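Here is a friendly walk through one model, written for someone who likes cut-offs stated up front. Have a look at the sequence and the coordinates, and then read on.

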Amino acid sequence: MNVIYQTTITRIGESAAEALGDQMLITFREGAPADIEEFCFIHCHGELHGELKAGSQLELGEARYAVTAVGDVAEQNLRELGHITLRFDGQPQAEYPGTVHVAGPVPQAVAPGCTLKFVA
C-alpha cells in the first residue's frame, strides 16, 4: 500500500465531535482560525504524496474505510490547508467540492493521537 497522506490528530475543537452525529468529521491543520478550529479535528499537517481519489482507503486509527467519492477541491484543500470534510455515507458522488465520502460506520470517538491516513 502506498501512503498518499498521513497525519496525527493533535486537538479537537469544542464542537467538532458534534459533527460525528451528522456523519461528518472535519479536519484542519494546526493554526486554523479560532472560529473554524472550534468545529474541527486539528492535526499536524502532512504532505500529500499522490492523488486523492475514489478507490483509495482512509485509515482512521484502527478503522479502515473505502473512499467512494472525492470533491473537486478536496485534494487542494487537504494539500494547502489540511482541511477536508469526511462524510461516512458511502455516496458515489461528492455532495460538496471539499468533501470526501467514505463507506463504513461513523467512528464513536476520535482522540488526540489518532492517526489519519489515506492509502492507495
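Is β8 mostly covered or mostly open? Strand β8 is mostly covered, with four of its five residues buried. Buried here stands for under 20% relative accessible area, exposed for over 50%, and partly exposed for what lies in between, using a 1.4 Å probe and protein chains only. Helices (H or I, at least four residues) and strands (E, at least two) are DSSP runs, numbered from the N terminus.

A word on the source: this is a predicted model, in which local features need pLDDT of at least 70 and side-chain atom pairs count only at pLDDT 80 or more, while totals for chains, interfaces and linings use all residues. Residues are numbered from 1 along each chain as its sequence is written, and side-chain values use heavy atoms, with hydrogens and water left out.

**The barrel**

Eight strands close into a barrel with mixed pairing, in the order β1-β3-β2-β6-β7-β5-β4-β8. From one strand to the next, the twist averages 35°; axes are lines fitted to C-alpha atoms, for helices over the stretch in contact, and angles run from 0 to 180 degrees between N-to-C directions. Two strands count as paired if DSSP finds at least two bridges between them. As background, strands of a sheet pair through backbone hydrogen bonds, either parallel or antiparallel.

Strand β8 has antiparallel links to β1, through five bridges, and to β4 (residues 57–60), through four bridges. Facing pairs include Q6 opposite K117 in β8 and L60 opposite L116 in β8. Elsewhere in the barrel, β5 (residues 63–70) and β7 (residues 99–103) pair in the antiparallel sense over four bridges, and V70 stands opposite V100 in β7.

Helix α2 (residues 74–81) packs on this sheet, touching β1 (3–12), β2 (24–29), β5, β6 (84–87), β7 and β8 (115–119). Contact is taken as heavy atoms within 4.5 Å. The direction of α2 makes about 40° with that of β2.

**Charged pairs**

A search of the whole structure finds five salt bridges, each being a side-chain nitrogen of Lys or Arg within 4 Å of a carboxyl oxygen of Asp or Glu. Among them are these:

| Pair | Closest N to O distance |
|---|---|
| E59 and R64 | 2.4 Å |
| E59 and K117 | 3.8 Å |
| E75 and R79 | 3.0 Å |

Why does the pair of E59 and K117 tie together parts that are 58 residues apart in sequence? The reason is that E59 lies in strand β4 and K117 in strand β8. Both E59 and K117 are buried, E59 with a relative accessible area of 14%, whereas R64 is partly exposed at 48%. Salt bridges that share partners join E59, R64 and K117 into one network.

The pair on the helix is a local one in sequence: E75 and R79 both lie in α2, four residues apart, about one turn of the helix. R79 is partly exposed, with a relative accessible area of 43%.

**An aromatic pair**

Rings of Phe, Tyr and Trp (its six-membered ring) pair if their centres lie within 6.5 Å; planes under 30 degrees apart count as stacked, over 60 as edge-to-face and the rest as tilted. The count by this rule is one aromatic pair. The ring centres of Y65 and F88 are 5.1 Å apart and the planes are at 70°, so this pair is edge-to-face. Y65 belongs to strand β5 and F88 to the loop between β6 and β7, so the pair ties together parts that are 23 residues apart in sequence. Both Y65 and F88 are buried.

**Cysteines and the end of β1**

With a disulfide taken as a pair of cysteine sulfur atoms within 2.5 Å, the count comes to zero. For C40, the nearest cysteine sulfur is that of C44, 15 Å away; for C114, the nearest is also that of C44, at 12 Å. C40 is buried at 2% relative accessible area, and C114 is buried at 17%.

C40 also turns up among the contacts of two neighbouring residues. I12, in strand β1, is partly exposed at 30%. Leaving aside neighbours within four places in sequence, I12 is in contact with C40, F41, V110, A111 and P112. G13 sits in the loop between β1 and β2 and is buried at 11%. Not counting residues up to four places away in sequence, G13 touches E37, E38 and C40.
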